[in-house]
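The exercises below ask you to read a chain from its sequence and its model together. Try each task on the structure before you turn to the solution beneath it.

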Amino acid sequence: MSEKRKPHDVESSTNMKVQRKFWLIEKVVWGILGLVVVWAAIGGTGRGPISKRSVSDKSGNLVVEYQHYLRFNRPEPMRVLVKKTSISDTLNLWIDRKFYDDVDVEKVYPQPIEMQLLADKTVFKFLAPEHEKTLLVTFVQKPSKPWSYKGQLGVIHGPSVLLSQFIYP
């Protein structure tokens, strides 16, 4: 006599195969979620070690510290350190006009004594007292459009640096 399989035995073995597939999918999804959490924790979605950037010209007279990853409509400072190389009591910084418009500079510290909007750049004129060897300027950005932006920042008749930022929606 041969043993007959009961219908529920076939059904349960099929269910177990399906269950194993779901367990595998679940493990993969949990792994992906874990990677997203780690990415966010180290700055992949905003402030953090992998988002923090510092660029300078070859001479080191112009240094810009900023966040590479920004959030849409969230204010974020960009610090510009300029070593004075002349005896002038003013300093003229410029930002690529398209970059300036895309990242929407909200505030500037210290307040510039003059600001000029040119066709290709925005120029800020600052007082630079003789006794100070380095001038710190902070631009507070509030990105108005999500996406990736590249631009330049520099000193009139001086060094410039390239900037790159990614704005999350």
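**Exercise 1. Decide whether Asp-57 is buried or exposed, and find what surrounds it.**

Solution. Asp-57 has a relative accessible area of 12% and is therefore buried, where buried means under 20% relative accessible area, exposed over 50%, and partly exposed in between, with a 1.4 Å probe and protein chains only. The model is a predicted one, in which local features need pLDDT of at least 70 and side-chain atom pairs count only at pLDDT 80 or more, whereas totals for chains, interfaces and linings use all residues. Residues are numbered from 1 along each chain as its sequence is written, and side-chain values use heavy atoms, with hydrogens and water left out.

Next, place the residue: Asp-57 sits in the loop between strand S1 (52–56) and strand S2 (62–67), strands being DSSP runs of E with at least two residues, numbered from the N terminus. Then look for its partners far along the chain, and you will find Ser-160, which is 103 residues away in sequence although the two C-alpha atoms are separated by 6.4 Å. Once neighbours within four places in sequence are set aside, Asp-57 is in contact (heavy atoms within 4.5 Å) with Leu-62, Pro-159, Ser-160 and Val-161.

Finally, examine the polar atoms. The side chains of Asp-57 and Ser-59 are joined by a polar contact of 2.5 Å, that is, a pair of N or O atoms within 3.5 Å, of which, within protein, one must be able to donate a hydrogen and the other to accept it, while residues adjacent in sequence count only if both atoms are side-chain atoms. A polar atom of the Asp-57 side chain also lies 2.9 Å from the backbone nitrogen of Leu-62.

**Exercise 2. Work out the strand order of the open sheet of six strands, and say which strands stand at the edges.**

Solution. Begin with the pairs, remembering that two strands pair if DSSP finds at least two bridges between them. Strand S5 (residues 90–96) runs antiparallel to strand S8 (residues 121–127), with seven bridges between them; along this pair, Ile-95 stands opposite Thr-122, and Asp-96 has Lys-121 as its bridge partner.

On S8, continue to strand S7 (residues 114–117), which pairs with S8 in the antiparallel sense over four bridges, Gln-116 being matched with Val-123. The connection from S7 to S8 is a hairpin of three residues.

Returning to S5, you will find three bridges to S10, again antiparallel, with Leu-93 opposite Val-155. S10 in turn pairs with strand S11 (residues 160–168) over eight bridges in the antiparallel sense, and Gly-151 has Leu-163 as its partner there.

The full order is S3-S11-S10-S5-S8-S7, with mixed pairing. S3 and S7 stand at the edges, because each has a single partner strand and so one side of each is left without a neighbour in the sheet. From one strand to the next the twist averages 25°, taken between axes that are lines fitted to C-alpha atoms, with angles running from 0 to 180 degrees between N-to-C directions.

**Exercise 3. Find which residues have the most contacts inside the largest nonpolar core, and then list what Val-80 touches.**

Solution. A nonpolar core is a set of buried Ala, Val, Leu, Ile, Met, Phe, Trp, Tyr and Cys residues joined through side-chain atoms within 4.5 Å. The largest one has 27 residues, and those with the most contacts inside it are Val-64, Val-80, Leu-93, Val-137, Phe-139, Leu-153 and Leu-163. Not counting residues up to four places away in sequence, Val-80 touches Leu-62, Val-63, Val-64, Leu-93, Leu-135, Leu-136, Val-137, Phe-139 and Leu-153.

**Exercise 4. Locate the unusual backbone geometry at Pro-110, Asn-73 and Trp-147.**

Solution. Start with the peptide bond between Tyr-109 and Pro-110, which is cis, with omega about -10°; Pro-110 lies in the loop between strand S6 (105–109) and S7.

Turn then to positive phi values in residues other than glycine. Asn-73 has a phi of about 65° and belongs to the loop between strand S3 (69–71) and strand S4 (76–83), where its relative accessibility of 42% makes it partly exposed. Trp-147 has a phi near 150°, but this residue is found in strand S10 (residues 147–155), and at 58% relative accessibility it counts as exposed.
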